[in-house]
Amino acid sequence: MSTPRFFQASTALSRRRLLGNLTLGAGASLLAPFLSRLAAEDSGATAKPPRRVVFLVEGNGVSAEHLVPRGVVRPQSSFNSTAHNVTDAQTFREVTLAGHELPFCLEPLAPFRDRLAIVQGLSGRVCEGGHSVNFGALGQYGGQRGPAGETIDAALAKALPAPFPHVGLGITHNPNEVLVQNVSAWDAGRALPTMCQPDAAMYALFGSIADGAKDDFAANANVLDFLRGDLKRLSHHLAGPERAKLENYENSLAVMRARHDQITKRSDLLKRYAPQPGPSYTSLVETERLDAHVEIGAAALIAGLTNVLTIASGCGGRYFEVTFKGLGISIDKHQIGHGGGENGKSGDELAQTIRRFHIELMAKLAAKLQVVPEGNGTMLDNTAIIYLSDSANAHHATCWEWPTLILGDLGGRLKTKGRYLEYPRYGRTGHRTMGCLYATLLHAAGAPRGSFGQFDKALGKEFQQGPLGDLLM
Amino acid sequence: MEMNGMRSSASDLGRRMAATLLLSLLVQVTSAQETPPRDVVAFLDQHCAKCHSGAKPKGDFTLTRLDPRMLTATTASEWIETARMLIMGEMPPASRPRPAAAASAQVVAWLRAELKRVGADTHELEIQPTGNHLDHTRLFSDPLDAPLDNPPRLWRFSPQLYFGLLKASSGERNPLTQAMSSERVDGFFDMAAGRSIDVGTLSTLMRNAARMAASATVHHLEGDKVVMDRGGLGSFAALLDPQLVPERKALDAALNSLLVYRRTQLPGTEEYAALYALYLKTRRESTAAVAARAVLTAVFLQPESMFRLELGLDPADPQGRRRLSPAEIVFALGGALRDQPLDRAQLDRARKGALDTREGVATEVRAMLAAPLSSNPRILRFFQEYFAYTSAPDVFKDKALNPDFYAPALVGDTDQLIQVILMRDKDVVKELLTTRESFIGSRWDLVKNTGGPVYPKTNNFRTYNLDAWPEGMQPVQLPVDQRCGILTQPSWLVARSQNFNNDAIRRGKWIREHLLGQAILDVPITVCAKLPDDLSQTLRTRMEVTRQEYCWTCHQSMNPLGLAFEQYDHFGRYRTSETVEDPSKPPIPGRNPKLDPPTAAKHEVALDTTGALDFTSDPTIDGPVANVHELLHRLAASTRVRQVFVRHAFRYWMGRPENIGDATSLREADTAYVASGGSMKALIVALLSSDSFLYRTVPTSP
């Protein structure tokens, strides 16, 4: 379908208006990178394929032992709240995955073994603890203090702008939950949403091409233009912070208007890659909804709607008690976390079953990106998929260590080709933190920072500053 | 007071040296000033120098660092921070003697003048203390001298109001996606400050708006005739006609039928003209149905569909204050009590002048309050948010440790108890803090479905230390030593507990903030606030770590209040001894060794329920307490506690913290409460007919 003439005219007009005389108020931090990107696109300066980062966050702890390749003996440790001393974890250690079979939980990643890095031993003590450290997991700050600062996915979204700077998808223990704010934050006090219903996410991302909705989507340009003019009725009644509320709303309208243009430009791509909603999009079964989210998220990445995706599976202290009925399990993660088992299986065995399912999702996402050509390779070449938990390594997080997987090298910027990395334990020479890992990702994304998140007061700064040299190309 | 010279020590010496040095500096620099700063020096000496001097100054801050010449940006900023601390009442800390408000104000005034004189940027000092930072005596005792300061504002809809208004306007039957998130501010969820529409929120609003527009215009064609389907708004039929382009008056009629457009006097011909232009433009580019939906989508995304507009549209009075227009008042009352946008009959009365006087507004509020409590859901919600007991189900409790525990029922019990107290409407604050009545084991989830309380066969009664279900009608009287008001309800106790322990710190903090009206600083971001995990010790013993000087500055305001609640275990059960782990005995294996981990052996130790009321600013209640019963009865008898309750009610119903310009409204509300024998209704009537509710002051900046 060709774009109607009126639409082209209004697009050009709105873009000029956006780039020229936008009042940057409270929404400025959101707008700035996006507008720069628009300007770059207008000048034809975006020849390189974009880099993409995906976070797959599993709620309520990922045991470090579940990620150890067969035949690799982990240093003995006794990480717990009263005694975190260790006897044999004093030096950095690397093992090549090529010589080892992957453990049960990671077997689905076998086809991607040569793109995978398993990273162990990084700490995140600033997050304190609990069943979940919530926004702290991706933000590296106190986990029970709400969205106290920017999270790493948001920081990357600012560096890798797209029509949707960040897309958050996920599930909670409540199958009817529509939208929660549980793991990502644009900055302090500004949580980003996690869309929990696949059909709603589908509409939000691909509604512009849906049958019966595309004409209304096109008309939204008129609606947004009307609304921006309409705000003038009120502004003279207000002053100071009250007027700023109106300006913030105006900024949001401007972002949506620009996004509208971007989506319109991509309509061919959207049509080509939009998934076909099936029964799983409205399923009450957790595994099916997660599966649908992966499908939608992959399509959003491929169609260029976003470059940063977070899939949150039961994340957040209020949402983690998921029962994975689709895996034949009838008790929730809370009971499993407390050692509960069923049908002759221990809590740990059930946890491994759930973990392996999440790794299957990771593999599925990677496979979808791998078949899409991009530049001289595929989309997967320009992507990194990070898997970790919002509760570090345990049901009751203590954050002494934070097991993490990285699949993909983000356009050749990360050294992730089949490696198992074991960092020295907390406080030992060479120990590093999750903040360093996040700083590494920002370096790789072209937005380097010296550190990320808060500093752990009990650790020297040398443990916490700079990227991880062992991972950064 | 430490400055009377009766005590002499090394720290006194350091303090005196600091003060002397400061004085000499001040005299050098300010001798030419009209007002000699000796009072300022005396103030700093009396209230600051003891802690902020010597080898180990508190907060690593010494007075001698404060160069009164303020010539560098660094010293200026330190003086600004000093002034800010005084303005906000954060220093001296609550545990130190309070300076007189006038003395603080004098220091701040001098600082402002000096900072301006040296050209420092003082915009940070243009702050007004609000909420608990505002000195209680200034509000309730000092002479009234500050005018109302209440600018026109936008108050973003609460989640409940958003659903109430939009669904009622559009006839939408399907569930909408909740777009309005809310976080607690000043203890309440629905506050006006700072909330706007960010991109994420707008994205959800747009989706809802599109859905509501589709619902409201659902129709089919019979020949050329538009026939509205179920849920469609008949007034929009003319806009959906594919053959005829409607005249402007058809659009006006359709819009006037919408509830959202009956609220304020703002929408006028100009706005309708713009919407008509939107309709025509979209129709030229697409179809009549798309154009009608575009108009409705736009209406559902206008500021009126997401903000409560409280602009003060009536003409200004001689003091420069503008009253809310009748329509604004009607919407404000609906928002205050009912999550319902608008009472059409009330709006008609308002347009005939029923709300033109304060007494008229009070009469209207009394009529609203005469309806059952369920018609005014924001009243119970105030108590739910104030006491914050509804979060009890969010605290995980291991069912293996107490199979009888069912937190939602505990919340339902407290809901019902509060409603009974409100129905009696006598000495409400005192009753809330001291009643030994309770409901036992109600099921709020079933109440919702059946319209009445249901007492299922759970054994929740054991949480109240009963051996069986109570006979007869509820509420029941529980033993006088066991329960004493909402703060001893299991729901409140569980909501302020950890997974496996009590949380004396948060309990104390709640009392300090919500009953005594004092501010406690947030946990410093650098502090890893965690008690030792040694469960062989009592909580009181484990909390000893907070007695380190760095921690104790704040913890002395919380721990002695919260520790009196050690009378209960972390499930909210009354107890006479405390259970701790016994490391001298081997762990007890789980029932199924393969599946159940072993648990630590336990034993009972003596219970200590002592606590203290310190630094309350009410000398009639200060002093040690033997148990929670004594603590709560003493609080319930305090005038200050009653007035702090009024302050919290004010915040909730005004959607903002009080400032000094609200002193008159607060005193009138307190007086109304006392004169009525402790009636919550009288308090609400006074608040919702106060100047703080009805008037807006003209913006002072462009």
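This note goes through the contact between two chains, the nonpolar cores and one helix pair of a predicted model.

1. Residues are numbered from 1 along each chain as its sequence is written, while chains are lettered from A in the order in which they are written. Because the model is predicted, local features need pLDDT of at least 70 and side-chain atom pairs count only at pLDDT 80 or more, whereas totals for chains, interfaces and linings use all residues.

2. Between the chains, 51 residues of chain B are in contact with 54 residues of chain A, contact meaning that C-beta atoms, placed from the backbone, lie within 7 Å. On the side of chain B that touches chain A, the largest share, eight residues, comes from H7(B), and by class that side has 24 nonpolar, 13 polar and 14 charged residues.

3. The largest nonpolar core, a set of buried residues (20 or more other C-beta atoms within 10 Å) joined through C-beta atoms within 7 Å, has 125 residues, and A:Leu205 is one of those with the most contacts inside it. Helix H12 (residues 347–370) of chain A gives the most to this core, with 11 residues. Apart from it lies another core of 103 residues, including B:Met680 and B:Leu688.

4. In chain B, the axes of helix H25 (residues 639–654) and helix H27 (residues 680–688) come within 10 Å and cross at roughly 55°, so H25(B) is oblique to H27(B) (neither under 35 degrees, over 145, nor 65 to 115). The residues making this contact include B:Phe650 and B:Trp653 of H25(B) and B:Leu687 of H27(B), and by class it has seven nonpolar, no polar and no charged residues.

Terms used:
Axes fitted to C-alpha atoms, helices over the stretch in contact; angles between N-to-C directions. Helix = DSSP H or I, 4+ residues; strand = E, 2+ residues; numbered from the N terminus. Contact = placed C-beta atoms within 7 Å. Nonpolar A, V, L, I, M, F, W, Y, C, P; charged D, E, K, R; others polar. Buried ≥ 20, exposed ≤ 12 C-beta atoms within 10 Å, placed from the backbone.
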